[in-house]
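Grab a pencil and let's work through a few exercises on the backbone and the helices. Each task comes with a solution that goes step by step.

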Amino acid sequence: MKRFLTSLGLLPLAGFLAGAVDRFPRPDFESGYQYPEYSYAVPNEMLWDIIDVSVLLILLGIVTWALFKKRTKGPILAVSIVSVGYFGFFRGGCVCSIGSIQNVALAFADPSYSLPIAVFLFFIIPIVFAFLFGRVFCAGVCPFGALQDLVNVKNYRLSRAVTGALSIIPWIYLAFALLYALTRTRFIICKFDPFIGIFRMGGDIGVIGFGILLLLMSVFTGRPFCRFLCPYGAILGLFSRVSVFKAEITPKKCISCDLCHDSCPVDAIKAPYGNKTGETPVEGVKRIVVYMAVLPVLMLAGALIMRWSSPDLARANSEVRLYEMVTAYEAAMDAEMEPEVEAFYSQGRNLGELEASKDAVLRSFRLYSTLAGILIGLVIGLKLLEMSLKRGRKEYEIDYASCVGCAKCFDYCPQNKALAKASVQNPETDR
Amino acid sequence: MNKKIYRNVAAVTAIFAITLSIMLATNYFQVRKATPLQTEVAETLKELNDMNSENPQLQEQIRQLDLLSRKAYFIGENHLKTGIYLLLAMIGVLIAALRLYFNDVKNIPDKDLDPFDDWLLKSKSRGYILWGSGAVAATALVLAFLSSPYYTSFKQKKDKAASEEMVAEAVVPEEELSTEDEYALAGITREEDTSAAADTTATEATEAKEGEAAAADSTAEAGPAEPEIPKVTHNGFRGNNSNGQSSARNIPTSWNLSAGTNIAWKTSIPKPGYNSPAISGRNVFVSGADAEARELYCYDIFTGEMKWKLAASGIPGSPSTMPAVNADTGLSASSVATNGQQVCAIFATGDIICADMDGNKLWAKNLGVPDNHYGFASSLLIYGSEVIVQYDNDSNGRIIALNLSNGNQRWMKERTEKATWSSPTIAYVDRKAQLIVMGNPNITAYDPNNGDLIWKVDCMSGEVGASPAASNGKIFGANEYAALVAINGTDGALLWQSNEYLPEVSSPVASRDWVYVATSYGVLASFNAETGELVAEQDLGCQFYSSPMIVDGKLFIFSIEGTLYMFSNNGQLTLLGSIPTGENTYATPAFTDGRMVVRSQNSLYCVSSL
């Protein structure tokens with residue numbers, strides 16, 4: 001059973017391998033050479049599941065300790081190196097908390113799908129930690145974030161107006177990832193994972209190229225994947241916003257030196273602001289009321305657009321695509337037979353059955369596309385509302401939804417340095 | 001000093017990485033687009049080999065080319081991988097150099113990109129979100145509209161109108177290929193050259209037999225190799241969906257039945273029948289009947305051995321005395337149908353039986369003795385999980401869909417047409433299946449899922465024996481003393497009709513551009529599928545009852561006298577070759593990759609060069 005569950009988790013990889021094997025028809029040998037049977041070694045996944053979850057817990061513990069107790073980035077840097085080495089290059093980026101969203105969603109929607117326990121733990125543990133301590137998982141335990149942090153040289157700040165708008169992309173990505181997972185079409189987070197090819201030193205070259213591009217961007221700006229793409233980061237951000245314990249830049253009084261603000265690679269530290277908008281309070285309230293009224297309209301519009309687009313979105317599904325290929329072939333049999341069509345006939349399948357299967361997929365797409373559209377409309381509406389709220393700040397504050405807990409601000413803060421110096425002189429003052 | 005070094009190392013590696021990235025991207029798209037095994041040269045050589053499979057030099061050339069193509073592809077792919085690793089290493093060096101370079105300047109605060117006005121930034125963000133979301137939504141709506149059925153249907157109509165206009169306005173001269181050129185290209189000997197080539201063929205056959213014997217010896221040493229089960233199916237009369245087309249490839253075009261050249265096996269069928277064979281996997285199905293018994297047979301496609309037979313006996317309602325049938329029809333004129341899991345056969349008694357692939361009877365029933373003055377002859381058709389029977393008789397005519405697993409009736413539609421010997425076909429119109437049935441006086445389209453009427457066109461008359469054909473959304477029907485008609489499958493509109501050449505028994509077949517009709521007096525004619533214009537005709541001085549099949553880019557048809565004619569499928573009816581067998585042939589042959597199974601009046605045989 002365990003092996004079966006693990007196999008399900010590795011389906012995308014298996015699909016890739018299958019595709020690679022079938023790139024060419026096999027050569028015909030006249031010498032009587034017999035092709036050996038394919039055999040795949042069944043890994044001892046139970047043991048590795050335990051090790052993976054243990055390493056995850058240990059690294060999360062170290063980061064939490066470094067953030068809340070030690071208040072320094074040194075251990076987090078060490079965790080980043082271990083995470084990239086172990087979860088990244090050694091374990092090949094799988095199991096991954098980001099991709100686990102899809103497994104969990106599918107398990108909720110489809111009772112016949114058995115969720116591997118390790119995948120569930122990788123999904124839930126970082127969320128529990130985020131609810132308790134903020135995004136400690138992102139700090140250095142996630143190999144994707146860690147890799148981007150390790151290659152980061154210098155932060156060139158992007159326009160905050162643009163990054164604010166771009167922050168809705170992870171939610172849209174999440175909506176599509178859930179749609180394709182729930183319809184059993186494919187796990188797009190895994191398929192288009194930009195770093196997995198780098199970790200495994202192989203894979204789709206286009207996706208690897210995208211990963212390299214992201215890494216190059218990471219050299220000059222902090223964590224572009226985490227900020228503008230990662231759907232799991234968006235979920236963790238929600239929990240981090242309301243976390244029980246919140247990290248502070250310094251336990252001492254802020255002297256408004258701006259160094260922490262400048263050091264943050266993800267622009268999660270907000271500078272003091274007088275809240276002078278030049279807009280009357282009534283106008284501000286009116287805008288909020290309008291956006292609140294528009295929110296259901298946005299959700300409805302999202303639902304309708306996605307529902308109308310569902311036949312096109314469904315074309316990514318293998319059954320729908322196969323149906324199109326077979327019917328196109330049936331309509332003009334002069335054409336070259338695609339391998340998929342050949343396989344269809346050789347399996348003894350018939351078009352009536354395929355059409356029924358395709359119709360079921362389309363129905364499923366209609367439902368989940370509508371729900372995905374509602375989610376997208378909701379996210380856009382809420383973002384607009386959030387951007388309409390005015391709030392002044394007297395000192396530098398952390399935006400806990402965006403903060404990835406990298407601890408760079410700790411090292412930049414002169415108050416922390418003073419604290420550390422005092423702690424060396426008098427260990428009693430060490431917090 | 002060190003800073004300068006770091007800066008220069010970073011600059012050099014950056015230039016190197018960018019150059020390498022461009023090269024890799026170019027290489028990537030080249031490798032991705034490459035179809036190394038489908039080059040023009042390779043395809044031409046393979047076509048030549050298909051035409052004449054006894055040229056070892058040509059085959060060796062193809063093998064060498066195949067090997068070179070594979071090597072070239074994988075070398076290119078390996079270069080790409082090596083390049084990626086090199087690029088990663090360069091990026092690592094670049095990052096290290098940059099980190100060192102910026103090591104002592106990173107504490108200097110940046111100047112804010114935005115003037116710090118939180119509210120202004122939020123206002124801008126709102127604008128970006130609104131405009132961005134609006135643009136994405138508009139794009140999604142446009143794309144959804146472009147792929148909607150309304151727009152697709154509108155565009156198809158518009159394209160069709162434009163194409164008709166072009167046909168009307170412009171006369172495009174076709175570049176004609178002389179018959180001799182075609183022969184030379186195909187490497188095929190014409191009928192009149194057969195005698196001259198006979199000696200060569202005989203020598204080649206002897207050599208081939210010697211070669212086979214040697215191969216057999218070596219095989220015996222190495223142990224028998226299991227042949228690959230054919231993938232392409234031929235599920236019933238005139239192939240899958242009964243439309244006269246097959247996706248089989250590498251059909252031998254040079255063989256000799258009496259000499260046994262390229263004949264894998266030949267066997268006799270216990271009981272007579274005019275029905276055509278069906279192929280699924282390694283099974284070949286035919287049926288036969290006489291006054292004593294009605295039987296379904298399964299043969300092995302590799303050896304020709306009978307795997308099993310199943311008698312249609314003990315069926316409630318089955319008549320004890322055989323209905324009167326014409327000798328030209330017999331008791332088993334209807335072809336069997338299979339889907340690779342079940343196989344069904346029907347006889348002139350109205351008995352229908354269904355078996356699994358091991359010959360176990362799944363169910364059997366009698367549909368009522370057909371009131372048919374020549375004898376029931378419509379072939380079965382399997383669609384999805386149902387078997388469809390066109391039961392047009394002089395009384396109680398109907399079309400029935402039976403559940404394949406238990407024989408229960410799924411749906412039934414009464415038909416007022418007179419007795420018909422035509423068989424149903426499945427056509428795909430706008431990607432939807434239509435069940436097309438010909439009768440007197442209508443050609444009718446039903447929804448095969450529930451039997452709902454889609455359209456009906458009154459255009460046939462006489463005793464309808466031929467079956468309909470379909471291609472590219474058009475339905476074609478023809479019958480002697482009526483007309484050859486083309487119907488728009490979308491709405492049942494009559495597109496054109498012609499009375500020049502009409503079939504009696506043989507069914508028409510259609511490719512995208514051409515419709516072919518074989519008459520019982522030996523003329524094969526081709527018509528333009530768009531306009532109905534007669535394009536070419538060939539009077540072959542024989543008779544056709546067997547239906548033409550479009551396979552492997554050619555048109556195959558057997559005459560009653562037993563000669564297989566092969567024509568080019570380009571509307572011009574260029575005769576590519578003819579092979580006399582000396583055995584009368586009424587049935588339509590069945591095709592799978594590399595094999596053709598023929599039922600003659602006396603035997604069942606398999607043509608194969610594999």
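The exercises below are about this predicted model.

**Exercise 1. Find the cis peptide bond in chain A that leads into A:V95, and say where A:V95 sits.**

Solution. Start with the bond: going from A:C94 to A:V95, omega is near 15°, and the peptide bond is cis. Next, place the residue: A:V95 belongs to the loop that runs between α4 (74-90) and α5 (97-109) of chain A.

**Exercise 2. Do likewise for B:P441 in chain B.**

Solution. The residue before B:P441 is B:N440, and the peptide bond between them is cis, with omega near 20°. As for its place, look in the loop between β16 (432-438) and β17 (442-446) of chain B, where B:P441 is found.

**Exercise 3. Is A:R223 buried or exposed? Look at its phi and its place too.**

Solution. First, phi: A:R223 is not a glycine, yet its phi is positive, about 45°. Second, the place: it lies in the loop between α13 (205-220) and α14 (224-228) of chain A. Third, the neighbours: A:R223 has 26 C-beta neighbours inside 10 Å, and 20 or more make a residue buried, so A:R223 counts as buried.

**Exercise 4. Repeat those steps for B:R238.**

Solution. Phi of B:R238 is positive, near 60°, and this residue is something other than glycine. Its loop runs between α7 (194-222) and β1 (245-246) of chain B. With 29 other C-beta atoms within 10 Å, B:R238 is buried.

**Exercise 5. Describe α4(A): its span, its bend and what follows it.**

Solution. Begin with the span: α4(A) has 17 residues and covers 23 Å from first C-alpha to last, close to the expected 24 Å. Now the bend: at A:S83 the helix turns by about 25°. A:S83 is also one of the buried residues of α4(A), which include A:V82 and A:V84. Finally, A:G92 follows the helix, and its phi is positive, near 70°.

**Exercise 6. How do α10(A) and α15(A) pack?**

Solution. Take the numbers: helix α10 (residues 169-182) and helix α15 (residues 231-241) of chain A pack at an angle of about 115°, with axes 8 Å apart. Angles from 65 to 115 degrees count as roughly perpendicular, so α10(A) and α15(A) are roughly perpendicular to each other. The crossing is left-handed. To see who meets whom, look at A:P170, A:W171, A:Y173, A:L174 and A:A177 in α10(A), which meet A:P231, A:G233 and A:A234 in α15(A).

Definitions and conventions:
Residues numbered from 1 in each chain as written. Chains lettered and ligands numbered in written order. Predicted model: local features only at pLDDT ≥ 70, side-chain atom pairs only at ≥ 80, totals over all residues. Helix = DSSP H or I, 4+ residues; strand = E, 2+ residues; numbered from the N terminus. Buried ≥ 20, exposed ≤ 12 C-beta atoms within 10 Å, placed from the backbone. Expected span 1.5 Å × (residues − 1). Bend = angle between axes of the 7 residues up to and from the residue. Axes fitted to C-alpha atoms, helices over the stretch in contact; angles between N-to-C directions. Parallel < 35°, antiparallel > 145°, perpendicular 65-115°, else oblique. Left-handed = near helix turned anticlockwise from the far one by under 90°. Contact = placed C-beta atoms within 7 Å.
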